[in-house]
Amino acid sequence: MRQFSERRISIKGVDEMRELGLELAAALEPGDIIAMVGNLGTGKTTLSKYIAEGLGVTEALSSPTFNIVKEYRSGRLPLFHFDVYRLSSGDDLVDIGAEDYLYGDGVCLIEWADIVADILPEETIVIRLEYGENEGAREVTIC
Ligand SMILES: Nc1ncnc2c1ncn2[C@@H]1O[C@H](COP(=O)(O)OP(=O)(O)O)[C@@H](O)[C@H]1O
Ligand SMILES: [Mg+2]
């Protein structure tokens, strides 16, 4: 399991978010889980797209809100992209069989992960996204 040291990054625009996504993707290892926490529009899906790009996923990544999870298997590692906005707790995620993904050999990206934080393993990489002061700016904390 890859350990990232805590970092706080000020991002000026989408291009820098792409750089971050590609960098994260290059470091990901089988079994890694990225929990993304941040309000609507802070860039969780956008960052997920860039991580997918960095993993070499060829399919277009689209928001899994209605499916909870979508699988992408064309990249360097299997990618499981979750959007748990419609769930109430980690139990709901267990009910849909998510432990097979969480403890499998792929990479899990979870949007709105604070909702299911109670069942995420301790090694989970947490990425907090917040709006910055200027348009396109974001404050990103990784720990
Ligand atoms: N620095 C940035 N990083 C990510 N998205 C940005 C940035 N600046 C502007 N945006 C825009 O903000 C929106 C983020 O939407 P999205 O990624 O769907 O957010 P979320 O999944 O967190 O609700 C997109 O329209 C994107 O183009
Ligand atoms: Mg989203």
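Gly90 is partly exposed, because 17 other C-beta atoms lie within 10 Å. On this scale a residue is buried if 20 or more other C-beta atoms lie within 10 Å of its own, exposed if 12 or fewer, and partly exposed in between, with C-beta atoms placed from the backbone. Gly90 belongs to helix 3 (residues 90–95). Helices (H or I, at least four residues) and strands (E, at least two) are DSSP runs, numbered from the N terminus. Leaving aside neighbours within four places in sequence, Gly90 is in contact with Val116, Asp118 and Ile119; two residues are in contact if their C-beta atoms, placed from the backbone, lie within 7 Å. Gly90 and Ala117 are 27 residues apart in sequence, and 6.7 Å separates their C-alpha atoms.

This is a predicted model, in which local features need pLDDT of at least 70 and side-chain atom pairs count only at pLDDT 80 or more, while totals for chains, interfaces and linings use all residues. Residues are numbered from 1 along each chain as its sequence is written, and chains are lettered from A and ligands numbered from 1 in the order in which they are written.

**Overall layout**

The protein chain has four helices and seven strands. From the N terminus on, the order of these elements is β-α-β-α-β-β-α-α-β-β-β. The radius of gyration of the protein chain is 14 Å, close to the 15 Å that the globule rule gives for 143 residues, so the chain is as compact as a globular protein of that length. This radius is taken over C-alpha atoms, and the globule rule is 2.2 Å times the number of residues to the power 0.38. Along the principal axes, the C-alpha atoms fill a box of roughly 40 × 30 × 30 Å. Of the 143 residues, 36% are buried. Among contacts between residues at least 6 apart in sequence, 68% join residues at least 24 apart.

**Ligand 1 and helix 2**

There are 15 residues around ligand 1, and Met17, Gly43, Lys44, Thr45 and Thr46 come nearest. A residue is near a molecule or strand if its C-beta atom, placed from the backbone, lies within 6 Å of it. Helix 1 (14–27) and helix 2 are the elements that give two or more residues to this shell. Helix 2 gives the most, with three residues. By class, the shell divides into four nonpolar, eight polar and three charged residues. Here Ala, Val, Leu, Ile, Met, Phe, Trp, Tyr, Cys and Pro count as nonpolar, Asp, Glu, Lys and Arg as charged, and the others, Gly among them, as polar.

Gly43 lies in the loop between strand 2 and helix 2. Gly43 is buried, because 24 other C-beta atoms lie within 10 Å. Not counting residues up to four places away in sequence, Gly43 touches Met17, Leu129 and Arg138. Gly43 and Met17 are 26 residues apart along the chain, with 8.4 Å between their C-alpha atoms.

Helix 2 is mostly covered, with nine of its 12 residues buried. Among the buried residues are Lys44, Leu47, Tyr50 and Leu55. The buried residues of helix 2 pack against helix 1, strand 2 (33–37), strand 3, strand 4 (79–83), strand 5 and strand 6. The end C-alpha atoms of helix 2 are 16 Å apart, which agrees with the 16 Å that its 12 residues should span at 1.5 Å a residue; the expected span is 1.5 Å times one less than the number of residues.

**Strand pairing**

Strand 2 and strand 6 pair in the parallel sense over four bridges, and Met36 stands opposite Ile127 in strand 6. Two strands pair if DSSP finds at least two bridges between them. Strand 6 and strand 7 (residues 138–142) pair in the antiparallel sense over five bridges. Arg128 has Thr141 in strand 7 as its bridge partner. Strand 6 and strand 7 form a hairpin with six residues between them.

**Positive phi angles**

Most residues other than glycine have a negative phi. The table lists residues with a positive value.

| Residue | Phi | Place |
|---|---|---|
| Gly56 | about 85° | just after helix 2 |
| Ile68 | near 70° | loop between helix 2 (44–55) and strand 3 (69–72) |
| Trp112 | near 60° | loop between strand 5 (107–111) and strand 6 (125–131) |
| Gly136 | about 85° | turn of the hairpin of strand 6 and strand 7 |

Ile68 counts as partly exposed, because it has 17 C-beta neighbours inside 10 Å. Trp112 counts as buried, because it has 20 C-beta neighbours inside 10 Å.
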